[in-house]
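Visitor: Please take a close look at one part of this model. Show what lies around that part too.

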Amino acid sequence: MIRILAEIESRFEMKPMQAVGSGFTIAKRTGGRIKHPRNAAAWYSPHFNAMGWNKVGLSTEPWMSAEASARTATSRQAAHGSRVSRLPDGPAKEIAGRVEYKWTVVEAGPDYPRSVAIHESGHRLDFNDRAAFDEAVRGWNSGWQYAVSEYGSKNRNEFVAESFVLYMLGEEHHWRIKPELLALFKRKDRFNASR
Ligand SMILES: [Zn+2]
């Protein structure tokens, strides 16, 4: 967790964070000024520029039983297929149609919970340069949201955070990112620029 945060810090220029750690500890230390959202595995507060986790956000244990998660995956993929079929023809439809559509880009496995830290850092990156991201995400919900994840389709902010997970997972996942947003991530990434 700390390693991925340090990597992101060194690759992307961002305002230093005020606090990072256990959500409950931060809530207590700030005298309740930062509230810990009960159902969130992790959170980022743009106002305080702080990041916190709860136990779920740090655990490698799957949230759901194997059977429940298989059932959910099947119905989600079916709903995804019918939504994508109604999209206008174009690159977003073509790409979304090839995606295994999950609740979040990473739900379990070796990239979890590292992906949670990446997701929250995606919010941080976004809130550090709002105007540039507004520009890059324009039209995000015209089909590109279905190339990312169900959570990433909820709103503009989650779209950026989930797309950043795809970006940090590696180049083999970059085809799923809205091109203008991918270009912005690359422009901000020192690692990419120096190659
Ligand atoms: Zn989020």
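Guide: Two residues are in contact if their C-beta atoms, placed from the backbone, lie within 7 Å. Helices (H or I, at least four residues) and strands (E, at least two) are DSSP runs, numbered from the N terminus. The model is predicted: local features need pLDDT of at least 70, side-chain atom pairs count only at pLDDT 80 or more, and totals for chains, interfaces and linings use all residues. Residue numbers start from 1 along each chain as its sequence is written.

The part is helix α7, residues 130–137. Its buried residues are Phe 133, Ala 136 and Val 137. Buried requires 20 or more other C-beta atoms within 10 Å of the residue's own; exposed means 12 or fewer, partly exposed lies in between, and C-beta atoms are placed from the backbone. The three buried residues cover an arc of only 90° around the axis, so they sit on the same side of α7. That arc is taken from the directions from the helix axis to the C-beta atoms. Ala 131, Asp 134 and Glu 135 are exposed on the other side of α7.

Now the cover. Among the elements over the buried residues of α7 are α6 (114–128), α8 (156–169) and α9 (179–188). Gly 139 follows α7 and has a positive phi, near 85°.

From α6, the path leads to the sheet. Three strands form this open sheet in the order β1-β3-β2, with mixed pairing. Strands pair if DSSP finds at least two bridges between them. β1 (19–22) and β2 (42–45) are the edge strands, each with a single partner, so one side of each has no neighbour in the sheet. Neighbouring strands are turned by 10° against each other on average, direction ignored. β2 and β3 (residues 50–53) pair antiparallel over four bridges. Ala 42 stands opposite Trp 53 in β3. α6 packs on the sheet and touches β2 and β3; its direction makes about 15° with that of β2. Axes here are lines fitted to C-alpha atoms, for helices over the stretch in contact, and angles run from 0 to 180 degrees between N-to-C directions.

Last, the setting. The chain has ten helices and three strands. From the N terminus, they run α-β-α-β-β-α-α-α-α-α-α-α-α. Buried residues make up 32% of the 195 residues. Among contacts with a separation of 6 or more, 65% join residues 24 or more positions apart.
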